[in-house]
Amino acid sequence: MNKWRRQHSAAIFIGFLSNLKEVFITMIAVLIFGQSSQAGGALFYTILFAGILIVSLVSGIIKWWTFRYQLQEDELQVRQGLIFRKKRYIRKERVQSIDINANILQRLFELVELRIETAGGGGEPEFRLIALRKEEAAAIKRELLLKESASVSEPEEAEAYESSDVFTEETETGLAYETSAVMDDEILEPEEAEEEGTYKWKLSPQRLIAAALTSSGIGIAATFVAAIVSQVQQFIPPFLYERMIGWIIHSGVMLIGFWIVVILLFGWLITIIRTVLKYGYFTIRKKDDEIHISRGVLEQRQLTLSANKITAVRLVQNILRQPFGYTAVYVESKGGGRKDEDLSTILIPLCKMKEVDSLLIDILPEYAVKREYSALPKESLRRYMLRLLMPALAAAAIITYFAPFGWLSLILPMVAAAYGYWQYIDAGIGNGSGMVWIRSRSVARSEVIVPRKRIQAMTSTQNVLQKFDDLFTIHVSIITSIVGKTFSLKHIGKEQRDDQFQWYSYEETEEERKE
């Protein structure tokens, strides 16, 4: 593939449809923050957005025509731009991961999207080709992930690779995330799933619904719904709107509470649909060191994890799931993760806490360790409570002074103090069997399990207030994605800190020498 090529012409249409989403968001912002009567009315905005779409279409054609690429032996070269020409060179030794996706738009044209992430690329893909034939995407992937020391594959092997629906490879620096180029309406299953010794786990429909009902995205969705509802007055005749406002004012607190509940219910419904579409058909298969994960309804994805590249396991319980004993399991890996999952990879969307160890035994046996937590000292309780109580008291005082029913806000300090106590009793730390585990709570409760061999640094800090009680904050840093990740636990005691440092030290303990 050592000649300049363009993407499939469908890239124009795919890019245009993707831009429609941004235009829609812009329209919502205008409706929320702007008044149609002040800027020409509906006709003005119709012409404005029509112009934006036309410009977007023309720019898409120009971008497709001027965007060219070619694959050389050691790098992928890119040229783009009409007035300002730009050249990019992506060296194979810098490639961290390659992701081949097939969302509903690409599948309409029997195409795939290729994403290449390189070292130093940050949270966004370094490079994207949104309209390729799957055979061409497979060839680019194979060449960029081919080790310098590896020999060139035989023609028969290349043909078999290009005809495969699932492309997985491991990079020299980490993990290459891969997604199947799904062209059918069903999830494709790797052939090794039928082989002896392959472990398989599926997210049941009941658990999928439970995951959707207890998802933590309701706040964002509810805010979006509330923003739309707040602008409905622009589409209601003035006389009718004034009557509605008067009726709401005279109806009092009960009606306002009713609308808040309605908004939350709509936000909850949006979150449920989003979760079902994202994690539908979720399946895990493990054969030897490889973990294959399939998921998605509209955008079907398959990715491959290498167990020896995983650097930590996280168990996350939000406040809706914890009372029912449910948790989600995430993994951190050297190859990175998805931006919408905090650069992590979700291993199990939902399971019972009591099932975690048995699932880890089958999937990641190294992390299936018995965890006993050392509670924080009593002096820490005051720090956890005051950190939330002081802002709540200040807010309650302001609301009480200015609002007619402001005295109701006095409940805020009580809630803050209770939540601080909840954070204190949830916090803990421990180590053993070559692992350190940390449990803490911000909004959701999170447990992280990190092998000692994966820790890049263990440090502690102490602020001025912590010095009064001889408390510390401990930080454990690991490699994950490109920039790394750090897990912290606040207000631990000096003995706890020293115990963790002694455990992490490379000096052999008496117990290790006996072994």
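## Helix 12, two sheets and the cores

In helix 12, the buried residues are P413, A416, A417, G420, Q423, Y424 and D426. This is a predicted model, so treat what follows as a reading of that prediction. From helix 12 we'll move on to the two open sheets and then the nonpolar cores.

**Helix 12 and its surroundings**
- Helix 12 covers residues 411-426, and its 16 residues should span 22 Å at 1.5 Å a residue; the end C-alpha atoms sit 23 Å apart, which agrees.
- What do the buried residues of helix 12 pack against? Their partners are helix 11 (379-402), strand 15 (428-432), strand 16 and strand 17 (445-451).
- As general background, an α-helix has 3.6 residues a turn, so residues three or four places apart point the same way.

**The four-strand sheet**
- Here 4 strands make an open, antiparallel sheet, ordered 7-8-9-10.
- Strand 7 and strand 10 are at the edges with a single partner strand each, so one side of each has no neighbour in the sheet.
- On average, neighbouring strands of this sheet are turned by 15° against each other, direction ignored.
- Strand 7 pairs with strand 8 (residues 283-287) over 4 bridges, in the antiparallel sense.
- If you want a spot to look at, K200 has R285 in strand 8 as its bridge partner.
- Helix 10 packs on this sheet and touches strand 7, strand 8 and strand 9, with its direction at about 140° to that of strand 7.

**The three-strand sheet**
- The order in this open sheet of 3 strands is 18-19-20, and the pairing is antiparallel.
- Its edge strands, strand 18 (455-461) and strand 20 (485-493), each pair on one side only.
- From one strand to the next, the twist averages 15°.
- Strand 18 and strand 19 (residues 471-478) run antiparallel and are joined by 6 bridges; A457 stands opposite S477 in strand 19.
- Helix 11 lies across strand 19 and strand 20, at about 120° to strand 20.
- Helix 14 (residues 494-504) lies across strand 18, strand 19 and strand 20, at about 160° to strand 18.

**Nonpolar cores**
- The largest nonpolar core has 35 residues, and I284, I291, L347, I348 and L364 touch the most other members.
- Elements giving two or more residues to this core include strand 7 (199-202), strand 9 (290-295), strand 13 (345-352) and helix 10 (356-363).
- Beyond its neighbours within four places in sequence, I348 contacts W201, I284, A328, V329, L359 and I363.
- Another core, of 21 residues, lies apart from the largest one; among its members are L376, I438, M458 and L489.

Terms used. Residues numbered from 1 in each chain as written. Predicted model: local features only at pLDDT ≥ 70, side-chain atom pairs only at ≥ 80, totals over all residues. Heavy atoms only, no water. Core = buried A, V, L, I, M, F, W, Y, C linked by side-chain atoms within 4.5 Å. Buried < 20%, exposed > 50% of the residue type's maximum accessible area, 1.4 Å probe, protein only. Contact = heavy atoms within 4.5 Å. Pairing = 2+ DSSP bridges. Axes fitted to C-alpha atoms, helices over the stretch in contact; angles between N-to-C directions. Expected span 1.5 Å × (residues − 1).
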